Amino acid sequence: MAIFYFAMFCLLRSITYVVVDTLYERQPDMSPWQMFFMRSCMGIGIMSLHLNRRIKKETWDSIECRKSGPLAFKTVGGILTNLIQFSVTKFIPATIISIVANLAPIVVLILAFSFLKEKILKFDVAMIVLTLVGIFTIILGGDDENSDKATPNFPIWVIYIVLFFNPFLSAGGTVAMRKMAKSSDAVVSWYLQWGTLIASVCIILAMGESFSIYSAFEFWDWILAFFTGFLSIYSETVRFKALKMHDASALQKLIPLTTMF
């Protein structure tokens, strides 16, 4: 079941890229922070309806005090990962973002061996390396010259440098989740949504942006907005379920499925 849940995570994450990219195309004036605010509101609303009266039990009572450190690290790391990953989507093709994200399994192997004392199989390492080589060959052989992505107001290489922090943040979050095996499935998604909401509001206010962008949303924009929240919470939930069942290092060979999907 762990493999199934992790494969579902890869599928949901790849769909998320498409949904967010489509929303940016329909609303080119929307900033990444406005997108995060909207997505977090949708995610919190969906989780509140889903959990209903079980919110306190699932998101508070299930947390062990000694496990609050990994949860805090995962929440902060997850916020930074999402802010980087989906803000650069406006400027960089999704395939390039996915390539960088696929570097995370290698970092996870190192961290899992160092901190979780997991046994690293040669087969897992070989599968990850061979899959990454195949994906890199296919994607790098493509032609991105006709990309219609927006141009940032600063050098593009700055975005690429920031993007390369993501594999390390993502890998750290994966290891942190392995240390929360007794927590409720909803814990990670719940605190990640609230953390992202607070961070996005602070950034919007600091940058002098407004919330009026949502008044320009049409019916299909709101449908896409709903799915950004839906995919955000359930992709993290199924990943957490998988990591509670199986070694992090063994699941990493499935990460390249995100690009393949």
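Where is Glu64 found? Glu64 is in the loop between α3 (55–61) and α4, and we'll come back to it further down. What you have here is a predicted model of a protein with 13 helices and zero strands. Buried residues account for 51% of its 261 residues.

**The overall layout**

- If you walk along the protein from the N terminus, the elements run α-α-α-α-α-α-α-α-α-α-α-α-α.
- Take the contacts between residues at least 6 apart in sequence: 91% of them join residues at least 24 apart.
- The protein has about 12900 Å² of accessible surface, and carbon and sulfur atoms hold 70% of that.

**The nonpolar cores**

- In soluble globular proteins, nonpolar side chains tend to be buried together.
- Here, the largest nonpolar core has 49 residues, and Met30, Met35, Met38 and Phe217 are the ones with the most contacts inside it.
- Elements giving two or more residues to this core are α1 (2–26), α2 (32–51), α4 (68–87), α6 (104–115), α9 (166–178), α10 (187–206), α11 (219–245) and α12 (248–251).
- Of these, α1 gives the most to the core, with ten residues.
- Apart from this core lies another one, of nine residues, including Ile84, Val100, Ile159 and Leu163.
- Met38 makes a handy starting point for looking around: leaving out residues up to four places away in sequence, Met38 touches Leu23, Tyr214, Phe217, Ala225 and Thr228.

**Leu111 and its surroundings**

- You'll find Leu111 in helix α6.
- Not counting residues up to four places away in sequence, Leu111 touches Leu116, Ala171, Gly172 and Val175.
- Leu111 and Phe168 are 57 residues apart along the chain, while 9.7 Å separates their C-alpha atoms.

**Aromatic rings**

- A pair of aromatic rings is described by the distance of the centres and the angle of the planes.
- The structure holds twelve such aromatic pairs.
- One of them is Phe6 with Phe9: the ring centres are 5.5 Å apart and the planes sit at 50°, so this pair counts as tilted.
- Why are Phe6 and Phe9 separated by about one helical turn? Because they are three residues apart in helix α1.
- Both partners are out of the way: Phe6 is buried, at 1% relative accessible area, and Phe9 is buried too, at 4%.
- Phe219 and Trp220 also form an aromatic pair, this one edge-to-face, with 5.2 Å from centre to centre and 75° between the planes.
- Are the two partners in that pair buried or exposed? Phe219 has a relative accessible area of 57%, so it is exposed, and Trp220 counts as exposed at 55%.
- Ring pairs also link Phe37, Phe211, Tyr214, Phe217 and Trp222 into a cluster. Two names here should ring a bell, since Tyr214 and Phe217 are among the residues that Met38 touches.
- A charge joins in as well: the charged end of Lys244 sits over the ring of Phe240, 5.0 Å from the ring's centre.

**Polar side chains: Ser189 and Arg13**

- Ser189 is in helix α10 and is buried, with a relative accessible area of 0%.
- What does the side chain of Ser189 reach? It reaches the backbone oxygen of Ile233, at 2.8 Å.
- Leaving aside neighbours within four places in sequence, Ser189 is in contact with Met47, Ile233, Glu236 and Thr237.
- Glu236 turns up again with Arg13: a polar contact of 3.4 Å joins the side chains of Arg13 and Glu236.
- Arg13 has its place in helix α1, and its relative accessible area is 11%, so it is buried.

**Back to Glu64**

- Glu64 has a relative accessible area of 22%, which means it is partly exposed, as the cut-off for buried is under 20%.
- How far apart are the C-alpha atoms of Glu64 and Met180? They are separated by 8.5 Å, with the two residues 116 apart along the chain.

Definitions and conventions: Residues are numbered from 1 along each chain as its sequence is written. This is a predicted model: local features need pLDDT of at least 70, side-chain atom pairs count only at pLDDT 80 or more; totals for chains, interfaces and linings use all residues. Side-chain values use heavy atoms; hydrogens and water are left out. A nonpolar core is a set of buried Ala, Val, Leu, Ile, Met, Phe, Trp, Tyr and Cys residues joined through side-chain atoms within 4.5 Å. Buried means under 20% relative accessible area, exposed over 50%, partly exposed in between (1.4 Å probe, protein chains only). Helices (H or I, at least four residues) and strands (E, at least two) are DSSP runs, numbered from the N terminus. Contact means heavy atoms within 4.5 Å. Rings of Phe, Tyr and Trp (its six-membered ring) pair if their centres lie within 6.5 Å; planes under 30 degrees apart count as stacked, over 60 as edge-to-face and the rest as tilted. A charge sits over a ring if NZ of Lys or CZ of Arg is within 6 Å of the ring centre and within 35 degrees of the ring normal. Accessible areas come from the Shrake-Rupley method with a 1.4 Å probe; for residues, only the protein chains shown count as cover. A polar contact is a pair of N or O atoms within 3.5 Å; within protein, one must be able to donate a hydrogen and the other to accept it, and residues adjacent in sequence count only if both atoms are side-chain atoms.
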